Amino acid sequence: MTIVSPMWIPKIAPCFPKHIEREMVQVCEVIVEYGRVSKRTGQVAIQFGELFRVYQFISDKVVGMLLRARKHKMVDFEGEMLFQRRDEEVVITLLWTPEQIAAALAK
């Protein structure tokens, strides 16, 4: 996994409506707030089950937002789809830095 360069931020999702773009960034914020920094990679990660429990109070679209965020190289995880209960321990890794998230929110 590689960290995406800040130069990529303005090109986040020109085809998405602003509210979808904001929700993708918001899920990254939640990962920063509730995730843990990996000693091995230095990246922030959270298990899907924990993210689902936290994010469901914000939006019921957590899986859709994760799939979109992965497509735009904001997060990464194994598998094609995530399901509650079955994928509780799948690790969601944030590829963006907190600075990139803040810059995207400031747009």
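This is a short walk through one protein chain, its sheet and its core.

Okay, hi everyone. Before anything else, keep in mind that what you see is a predicted model. The chain has 107 residues, and 44% of them count as buried. It holds 4 helices and 4 strands. If you trace the elements from the N terminus, you read α-β-β-α-α-β-β-α.

Now, how far apart in sequence are the residues that touch? Take the contacts between residues at least 6 apart: 61% of those join residues at least 24 apart.

Let's go to the sheet. As a reminder, strands of a sheet pair through backbone hydrogen bonds, either parallel or antiparallel. Here we have an open sheet of 4 strands, and the pairing is antiparallel. In what order do the strands lie? The order is β1-β2-β4-β3. On the edges sit β1, residues 36–37, and β3, residues 75–76, and each of these pairs on one side only.

Strand β4 covers residues 91–94, and 2 bridges tie β3 to it. Which residues face each other there? Val75 has Leu94 as its bridge partner, while Asp76 is matched with Thr93. Thr93 turns up again with β2: Ala45 stands opposite Thr93. In total, β2 and β4 share 3 bridges, also antiparallel.

On to the inside. In soluble globular proteins, nonpolar side chains tend to be buried together. In our chain, the largest nonpolar core has 29 residues. Which of them have the most contacts inside it? Those are Leu51, Leu66, Val75 and Ile92. Several elements give two or more residues to this core: α1 (18–34), β2 (44–47), α2 (48–55), α3 (62–71), β4 and α4 (98–106). The largest share, 7 residues, comes from α1.

If you want one residue to click on, try Ile92. Leaving out residues up to four places away in sequence, Ile92 touches a whole list, including Ile31, Val44, Ile46 and Leu82. Leu51, Leu66 and Val75 are on that list too, and those are the names we just met among the residues with the most core contacts.

Phe77 is another residue that Ile92 touches. Look at the ring of Phe77: the charged end of Arg70 sits over it, 4.0 Å from the ring centre. As for rings paired with rings, the whole structure has 1 aromatic pair.

Last stop, the outside. The accessible surface comes to about 6500 Å². How much of it belongs to carbon and sulfur atoms? That share is 57%.

That's it from me, thanks!

Key. Residues are numbered from 1 along each chain as its sequence is written. This is a predicted model: local features need pLDDT of at least 70, side-chain atom pairs count only at pLDDT 80 or more; totals for chains, interfaces and linings use all residues. Side-chain values use heavy atoms; hydrogens and water are left out. Buried means under 20% relative accessible area, exposed over 50%, partly exposed in between (1.4 Å probe, protein chains only). Contact means heavy atoms within 4.5 Å. Accessible areas come from the Shrake-Rupley method with a 1.4 Å probe; for residues, only the protein chains shown count as cover. Rings of Phe, Tyr and Trp (its six-membered ring) pair if their centres lie within 6.5 Å; planes under 30 degrees apart count as stacked, over 60 as edge-to-face and the rest as tilted. A charge sits over a ring if NZ of Lys or CZ of Arg is within 6 Å of the ring centre and within 35 degrees of the ring normal. Two strands pair if DSSP finds at least two bridges between them. A nonpolar core is a set of buried Ala, Val, Leu, Ile, Met, Phe, Trp, Tyr and Cys residues joined through side-chain atoms within 4.5 Å.
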